[in-house]
Amino acid sequence: MSLAYVILGLLQQQEMTGYDLKTSCFDQCIAHLWPADQAQIYRTLDKLVEQGWITCTIEIQHDRPNRKVYTVTELGKAEFAQWLGTHQPLPTLREPMLVQLHFADQLSNEAIIQLLEQQLAARSKKLAECEIIDLPSLGDDSANREQVMQRLVLELLIRREQTYINWLKTAINVIAHQKPYPSQYQIL
């Protein structure tokens with residue numbers, strides 16, 4: 001999946017500027033799914049305009065810089081609809097901390113636990129960020145279809161983070177009870 005489809009989906013909800021996409025959408029709504037910085041967003045917007053999937057209208061402002069407002073074209077809507085119905089392959093996951101742990105037998109137990117505790121803190125923070133997202137719960141009859149889809153995604157993210165946190169706590173406990181690595185080979 002590329003950033004282009006995320007932007008197409010967001011622009012189908014409403015027309016926006018690149019700044020709006022970054023601050024209102026990426027920073028506040030979907031950073032937990034697909035982070036993007038301002039430069040990536042603007043590069044992708046330029047490519048989408050070139051492909052004819054979106055248009056750009058300049059709104060003249062007298063007291064501030066002019067605004068470029070982006071809107072999805074019919075061609076963009078068709079491309080997005082086709083993408084929505086296409087099976088996505090499993091993502092290639094790269095987990096640097098797991099690679100570190102794979103080779104961590106050279107570290108002291110304390111150093112390994114420190115790495116795991118840092119990851120635990122980061123995962124706990126991410127879980128807390130996901131848990132404060134305000135969406136109706138599953139089964140709430142007042143939820144609209146968009147909210148139900150977003151809640152399903154959020155439920156998976158929350159469960160994934162909770163599972164990771166539980167695993168980290170188990171790993172910390174296991175390492176805490178390991179015999180120390182022979183000190184002459186140990187990396188602190």
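Contact here means that heavy atoms lie within 4.5 Å of each other. With that in hand, welcome to this predicted model. T17 makes a handy starting point: leaving aside residues up to four places away in sequence, T17 touches R67, K68, V69 and Y70. From there, the tour moves to a helix that is largely enclosed by the rest of the structure, to two separate nonpolar cores, and to a set of nine salt bridges.

**Starting at T17**

- To find T17, look at the loop between α1 (3-13) and α2 (18-30).
- T17 has a relative accessible area of 7%, and because buried means under 20%, this residue counts as buried.

**Helix α1, wrapped by its neighbours**

- Of the 11 residues in α1, nine are buried, so this helix is largely enclosed by the rest of the structure.
- The buried residues of α1 are L3, A4, Y5, V6, I7, L8, G9, L10 and L11.
- Several elements help to cover these buried residues, including α2, α3, β1 (54-59), β2 and α4.

**The nonpolar cores**

- The largest nonpolar core has 23 residues, and the members that touch the most others are I7, L11, L21 and F26.
- Two or more residues come to this core from each of α1, α2, α3 (38-51), β2 (67-72) and α4 (74-84).
- The biggest share comes from α1, which gives eight residues.
- For a closer look, pick I7: not counting residues up to four places away in sequence, I7 touches L21, F26, I41, T44, L45 and L48.
- There is also a second, separate core of 20 residues, with M97, C130, L135 and A171 among them.

**The two sides of α4**

- In α4, the buried residues are G76, F80 and W83.
- These three cover an arc of only 60° around the axis, which means that they sit on the same side of α4.
- E74 and Q82, on the other side of α4, are exposed.
- Among what covers the buried residues of α4 are α1 and β2.

**Salt bridges**

- Nine salt bridges are found in the structure.
- One of them joins E59 to R67, with the closest N and O atoms 3.1 Å apart.
- Both partners in that pair are partly exposed: E59 has a relative accessible area of 33%, and R67 has a relative accessibility of 26%.
- Another salt bridge links R123 with E95, whose closest N and O atoms are 3.6 Å apart.
- R123 belongs to helix α6 (residues 109-131) and E95 to the loop between α4 and α5 (96-102), so this pair ties together parts that are 28 residues apart in sequence.
- R123 counts as buried at 13% relative accessibility, whereas E95 is partly exposed, with a relative accessible area of 25%.
- A network of salt bridges links E95, R123, K126, R160 and E161.
- Within helix α6, E129 and K125 lie four residues apart, about one turn of the helix.
- The side chains of E129 and K125 meet in a salt bridge, at 4.0 Å from N to O.
- E129 counts as partly exposed at 42% relative accessibility, while K125 counts as exposed at 54%.

**On the surface**

- L138, M149 and L152 make a nonpolar surface patch of about 260 Å².
- Of these residues, L152 can be found in helix α7 (residues 145-176).
- L152 has a relative accessible area of 43% and is partly exposed.
- Helix α2 holds S24, which counts as partly exposed at 34% relative accessibility.
- From C-alpha to C-alpha, S24 and V153 are 19 Å apart in space, and in sequence 129 residues separate them.

Conventions:
Residues numbered from 1 in each chain as written. Predicted model: local features only at pLDDT ≥ 70, side-chain atom pairs only at ≥ 80, totals over all residues. Heavy atoms only, no water. Buried < 20%, exposed > 50% of the residue type's maximum accessible area, 1.4 Å probe, protein only. Core = buried A, V, L, I, M, F, W, Y, C linked by side-chain atoms within 4.5 Å. Arc of directions from axis to C-beta. Patch = residues over 30% accessible without salt bridge, like charges linked within 9 Å, V, L, I, M, F, W, Y side chains within 5 Å. Areas by Shrake-Rupley, 256 points an atom, 1.4 Å probe, with all protein chains shown as cover.
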